[in-house]
Amino acid sequence: MNGIVFDIKRYAVHDGPGIRTTIFMKGCPLRCLWCHNPESFSPKIEEFNQSNRLAEKLVEEKVNIGKEYSVRQLIKEIEKDQLFFDESGGGVTFSGGEPMLQIDFLDAMLKECRSMDLHTVVDTSGFAPKKHFERISNDVNLFLFDLKHMDDVEHQKLTGVSNKQILENLKFLIENGKNLIIRFPMIPGFNDSKTNIMKMVFFLTDLTSLSEIHILPYHRIGRDKYDRFNKENSMPDIPSLNEEDTFWAKELFEEAGFKINIGG
Ligand code: SF4
């Protein structure tokens with residue numbers, strides 16, 4: 001069985017504990033306005049034109065976004081970084097796109113990693129059938145789980161999908177004692193109202209075993225990718241958030257007893 005991967009990032013330090021190799025899997029059912037990886041949207045391998053400067057000349061060439069890997073081939077790529085994992089307490093992170101979209105391949109990879117005693121993280125939007133989470137959750141050491149908006153209508157406007165399944169999956173993971181960190185992409189004017197943050201606080205406080213939340217301040221990185229990959233960009237050109245801009249939200253979460261990290 002093969003999977004489609006659009007990038008492999010080595011020496012990643014923001015995608016879970018230690019030094020990690022992050023596997024970006026192609027395909028995502030969401031369309032978050034602020035997405036930095038629009039090349040991940042389609043689950044298929046795509047071909048694009050790219051301009052490169054060669055000896056003072058601009059040369060157009062075709063590049064493929066996405067590459068097919070078997071489980072064995074991808075494990076071989078991951079094994080190259082074993083030394084860094086051992087020394088830092090790191091491992092492998094499956095991200096995307098939405099890695100749950102390739103559930104059979106993800107499941108096979110997680111099982112292989114487990115048999116090799118490799119620490120695994122799944123970075124997910126949470127938008128997938130609950131049975132997918134039931135299927136993989138025993139083979140995942142840590143979930144990085146996005147929470148974008150508590151209001152369903154607003155969630156649909158911002159991401160193109162309802163938050164109902166996402167909240168249900170989040171409850172399932174926490175109630176079953178799975179190791180999980182919430183990631184809140186804080187987007188000015190879109191989901192950073194005090195009302196939304198207080199709704200998050202109340203929802204998460206009810207799920208008693210959860211303790212850690214990462215606030216990801218909005219940044220403009222990746223905007224040029226929309227032109228490069230011929231994708232429509234509906235996000236207005238607003239300035240990035242500084243770390244200090246998120247302190248008031250950090251305080252609200254901290255007052256409710258959560259451990260907060262800014263920046264992932
Ligand atoms: S879930 Fe992630 S990859 Fe998918 S559209 Fe949203 S930000 Fe982009």
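Visitor: Is Asp237 buried or exposed?

Guide: This is a predicted model, and burial is read from the relative accessible area of each residue. Asp237 has a relative accessible area of 51%; exposed means over 50%, so Asp237 counts as exposed.

Visitor: With which residue does the side chain of Asp237 meet in a salt bridge?

Guide: Such a pair is recognised by the distance between a side-chain nitrogen of Lys or Arg and a carboxyl oxygen of Asp or Glu. Here the partner is Arg220, at 2.5 Å from N to O. Arg220 is in the loop between β10 and α8, while Asp237 is in the loop between α8 and α9, 17 residues apart. Arg220 is partly exposed, at 35% relative accessibility.

Visitor: How many salt bridges does the count come to?

Guide: The count is 22. One of them joins Asp107 and Arg135, whose closest N and O atoms are 3.0 Å apart. Asp107 belongs to helix α3 and Arg135 to helix α4, with their positions 28 residues apart in the chain.

Visitor: Which residues are joined with Asp107 and Arg135 into one network?

Guide: Through salt bridges that share partners, Asp104, Lys111, Arg114 and Asp139 belong to this network as well. Within the network, Asp107 is buried at 9%, whereas Arg135 is partly exposed at 37%.

Visitor: Where do Arg183 and Asp123 lie?

Guide: Arg183 and Asp123 form a salt bridge, with their closest N and O atoms 3.4 Å apart. Arg183 lies in strand β9 and Asp123 in strand β7, so the pair ties together parts 60 residues apart in sequence. Both Arg183 and Asp123 are buried.

Conventions
Residues are numbered from 1 along each chain as its sequence is written. This is a predicted model: local features need pLDDT of at least 70, side-chain atom pairs count only at pLDDT 80 or more; totals for chains, interfaces and linings use all residues. Side-chain values use heavy atoms; hydrogens and water are left out. A salt bridge is a side-chain nitrogen of Lys or Arg within 4 Å of a carboxyl oxygen of Asp or Glu. Helices (H or I, at least four residues) and strands (E, at least two) are DSSP runs, numbered from the N terminus. Buried means under 20% relative accessible area, exposed over 50%, partly exposed in between (1.4 Å probe, protein chains only).
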